[in-house]
Amino acid sequence: MHGEREHILLPVKVGFIAASLAVALLFNLVPWRDLRGVPDLLALVIAFWCIHQPRKMGIGIAWALGLVMDAANGTLIGQHAFAYAVLAFGGQALHRRIPWFPLWQQALHVLVLLVASQALTLVVRLIAGGTFPGWWFFAGSLIAAALWPAATHVLLAPQRRPEIVDENRPI
Amino acid sequence: MDRQTPAFFHRGPAPTTRVTFFAVLSMLLMVLDARFQYAEPLRQVLALAAYPIQQVAAAPVIAYGRLADFFASRSALQRENEALRSERLQAAPALLALEALKAENEVLRATLAARSKLPQASIFAEIVYAGRDPFSRKVMVDKGSQQGVQLAQPVIDARGVLGQITRVHPLLAEVTLIVDKDHPVPVQVVRNGLRGVVYGSGDGATLELRHMAANADVEPGDVLVTSGIDGVYPRGLPVARVTGVERDAAAAFASIRCQPAAEVGRNRQVLVLTAGEAVPPPPAAETPARKAVKQKRARKPQ
């Protein structure tokens, strides 16, 4: 919405939103030897669609995806669900504000959202008697936020595609 | 109250209402899960639904592991072979002595008319991946209830106790490692038979012998083995070696650090022990209700 070229986007396809969420979930369930710095792509994609399509992607879907993460990871049931629901709420609350900024400033907004939702998880688990895993815990959020510009390009690409190529038309 | 702007479009409940609803629901689930373990059926259903996705996600990692094994270089294999050979040679005297001691022990037990130990049956399993929960120390192994793995079975590697089965899926099982902060193992100091309970220290690599008096007779270098009084771990399996003892006159307990005997975090092949020692049933003085609660606690080592 800023800068040199402004695109008028095509309407989003619900199937593409579902597919992107599925791919992110798949990535999140890849078993890593070491978890340090592995970004939570699902959280990033949830935040993305909540900011860009708040009518189509809501708190309920984020919550349900969080439950699947909890069951698959063997964590406390409701922990990811809680974090994702709050993240989705934050995304929806800021969805009018964020797209006005350049991409890297958008990434800063998203970083705050991601870190806040992770901090909630941390507090919940510490109350439940977990071990503090160390500050690297938040490194995943940093990397996920750094991926925001790339995610924007990839996830908006289908809506940028013109139906009929014409050099003189802004769409 | 009627001063609010009417909504132009019907969009369901307000976001604040929704997030409050889902937050309360999550907290309810978390309390049910953490305090009462009531969320287990829900977890089973969800885990079953997530299982195919998990398999797809794990496939490249498992394939990579197999590929790496296949292309393990000749020199690495030779080196490993060399190391194993020398290890076996070093272990030979102890093993020979063990044979003699075993025979002697059999005779003594027979004379005492004591129950002899049941032979240990075991299931060979491989660690598929580390748990994705950074707040606890768990791994998943590739054998589940279909292969006979059950809750609370001990898991060992070639050097000592690794952990305990805490959750069983049809084809996978979750092992809570001894380095988990909430995982207790009853142990005994080999040198003097002193009993204690060892917990993970929380850093994922070391253990802590808690609740030992400041003047307890524990020295660095002492070997800790399972005492077997919990009925979960069979007696005499190596657990850890004491690396440091701090005695503070102001504190009631000594701070005792230990290094686990098992290669926690570096091993892939493990053994799940299936037939434990037969533990005599507890005395029947307690009421059934209390006993059920106790058993439940004993089964869940978090």
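Q: What makes a residue of chain B count as buried, and how much of the chain does?
A: A residue is buried if 20 or more other C-beta atoms, placed from the backbone, lie within 10 Å of its own, exposed if 12 or fewer do, and partly exposed in between. By that count, 26% of the 302 residues of chain B are buried. Please keep in mind that this is a predicted model, in which local features need pLDDT of at least 70 and side-chain atom pairs count only at pLDDT 80 or more, while totals for chains, interfaces and linings use all residues. Residues are numbered from 1 along each chain as its sequence is written, and chains are lettered from A and ligands numbered from 1 in the order in which they are written.

Q: What makes helix 4 of chain A mostly covered?
A: Of its 15 residues, 14 are buried. Helices (H or I, at least four residues) and strands (E, at least two) are DSSP runs, numbered from the N terminus.

Q: How do you know that the span of helix 1 of chain A agrees with what is expected?
A: The expected span of a helix is 1.5 Å times one less than its number of residues. Helix 1 of chain A has 15 residues and should therefore span 21 Å, and its end C-alpha atoms are indeed 21 Å apart.

Q: Why are the buried residues of helix 1 of chain A said to line one face?
A: The buried residues are Ser20(A), Leu21(A), Ala24(A), Leu25(A) and Asn28(A). Seen down the helix axis, they fall within an arc of 135° (taken over the directions from the axis to the C-beta atoms), so they line one face. An α-helix has 3.6 residues a turn, so residues three or four places apart point the same way. On the face turned away from the buried side of helix 1 of chain A sit the exposed Gly15(A) and Ala19(A).

Q: What makes strand 1 and strand 12 of chain B a pair?
A: Two strands pair if DSSP finds at least two bridges between them. Strand 1 (residues 122-130) and strand 12 (residues 269-273) of chain B are joined by five bridges and run antiparallel. Glu126(B) stands opposite Gln269(B) in strand 12.

Q: How do you know that strand 3 of chain B also pairs with strand 12 of chain B?
A: Strand 3 (residues 154-156) and strand 12 share two bridges, in the antiparallel sense. Here Val155(B) stands opposite Val272(B).

Q: What makes up the contact between the chains?
A: Two residues are in contact if their C-beta atoms, placed from the backbone, lie within 7 Å. The contact takes 36 residues from chain A and 39 from chain B.
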